[in-house]
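Trainee: I've got a model open on my screen and I'd like to learn how to read it. Could we go through it together, one feature at a time?

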Amino acid sequence: MSSASIVVTTEEELRRLMAQAVCDGIRRALKDTRLPDNTARMQEMEAAGYIGVKPATLRTWRSRGKGPRFVKIGRGVWYMRRDLDAFIAAQSSDPSFFVE
């Protein structure tokens, strides 16, 4: 059985420790999830997550000639990040268009 120690500290020290813990967590998260550069390629699962759809949606779009550009090499399907970014940009609407 382990014993736990209770440390009494000031509210200011507690805030400082919490802020440090948050910063450390953010640093670790950023280090672990580096975004690929603009020429990076992604497989279907990763590309689907990147644009926020299911992999089945990408398959449906491909079969219908819709969706983002892709590259097929053998049996593999790849998406370039720049093509996914362009597809996302093309989906945005201009709010001023709807203002009368």
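Mentor: Sure. Keep in mind that this is a predicted model. Let's begin with a charged pair: the side chains of aspartate 83 and arginine 69 meet in a salt bridge, at 4.0 Å from N to O.

Trainee: What's the idea behind a pair like that?

Mentor: In general, side chains of opposite charge can pair when their charged atoms come close. Here, aspartate 83 sits in helix α4 while arginine 69 sits in the loop between α3 and β2, so the pair ties together parts that are 14 residues apart in sequence.

Trainee: Is aspartate 83 buried or exposed?

Mentor: Aspartate 83 counts as buried, at 14% relative accessibility. Its partner, arginine 69, is exposed, with a relative accessible area of 62%. The cut-offs help you here: buried means under 20%, and exposed means over 50%.

Trainee: How many salt bridges are there by this rule?

Mentor: The count comes to four. One of them joins glutamate 44 to arginine 59, with the closest N and O atoms 2.6 Å apart. Glutamate 44 belongs to helix α2 and arginine 59 to helix α3, so this pair ties together parts that are 15 residues apart in sequence. Glutamate 44 is buried, with a relative accessible area of 16%, whereas arginine 59 is partly exposed at 42%.

Trainee: And which salt bridge has both partners in helix α4?

Mentor: That's aspartate 85 with arginine 81, whose side chains meet at 3.7 Å, N to O. They are four residues apart in helix α4, which is about one turn of the helix. Aspartate 85 counts as partly exposed, at 27% relative accessibility, and arginine 81 as buried, at 15%. There's also a network to look for: salt bridges that share partners join Glu44, Arg59 and Arg62.

Trainee: Let's stay with α4. Which of its residues are buried?

Mentor: In α4, which spans residues 81-91, Arg81, Asp83, Leu84 and Phe87 are buried. Now look down the axis of α4: these buried residues fall within an arc of 165°, so they line one face of the helix.

Trainee: What covers the buried residues of α4?

Mentor: The cover includes β1 (41-43), α2 (44-51), α3 (55-64) and β3 (76-80).

Trainee: How does α2 look when I do the same thing?

Mentor: Its buried residues are Glu44, Ala47, Ala48 and Ile51. They cover an arc of only 100° around the axis, which puts them on the same side of α2. On the other side of α2, Met45 and Gly49 are exposed. The buried residues of α2 are covered by elements including β1, α3, β3 and α4. Just after α2 you'll find glycine 52, with a positive phi of about 85°.

Trainee: Next, the strands. How do I read a sheet?

Mentor: Strands of a sheet pair through backbone hydrogen bonds, either parallel or antiparallel. In this model, three strands form an open sheet in the order β1-β3-β2, with antiparallel pairing. β1 and β2 (71-73) are the edge strands, each pairing on one side only. From one strand to the next, the twist averages 40°.

Trainee: How many bridges join β2 to β3?

Mentor: Three bridges join them. You can also check that isoleucine 73 stands opposite glycine 76 in β3.

Trainee: Where do the helices go relative to the sheet?

Mentor: α2 lies across β1 and β3, running at about 105° to β1. α4 packs on the sheet too, touching β1 and β3, and its direction makes about 65° with that of β3.

Trainee: Last one: which residues make up the largest nonpolar core?

Mentor: The general idea is that in soluble globular proteins, nonpolar side chains tend to be buried together. Here the largest nonpolar core has nine residues: Met42, Ala47, Ala48, Ile51, Leu58, Val77, Tyr79, Leu84 and Phe87. α2, β3 and α4 each supply at least two of them, and the largest share, three residues, comes from α2.

Trainee: Which residues is alanine 48 in contact with, leaving aside its neighbours within four places in sequence?

Mentor: Alanine 48 is in contact with Val53, Lys54, Pro55 and Leu58. Try clicking on them in your viewer.

Key: Residues are numbered from 1 along each chain as its sequence is written. This is a predicted model: local features need pLDDT of at least 70, side-chain atom pairs count only at pLDDT 80 or more; totals for chains, interfaces and linings use all residues. Side-chain values use heavy atoms; hydrogens and water are left out. Buried means under 20% relative accessible area, exposed over 50%, partly exposed in between (1.4 Å probe, protein chains only). Helices (H or I, at least four residues) and strands (E, at least two) are DSSP runs, numbered from the N terminus. The arc is that of the directions from the helix axis to the C-beta atoms. Contact means heavy atoms within 4.5 Å. Two strands pair if DSSP finds at least two bridges between them. Axes are lines fitted to C-alpha atoms, for helices over the stretch in contact, and angles run from 0 to 180 degrees between N-to-C directions. A nonpolar core is a set of buried Ala, Val, Leu, Ile, Met, Phe, Trp, Tyr and Cys residues joined through side-chain atoms within 4.5 Å.
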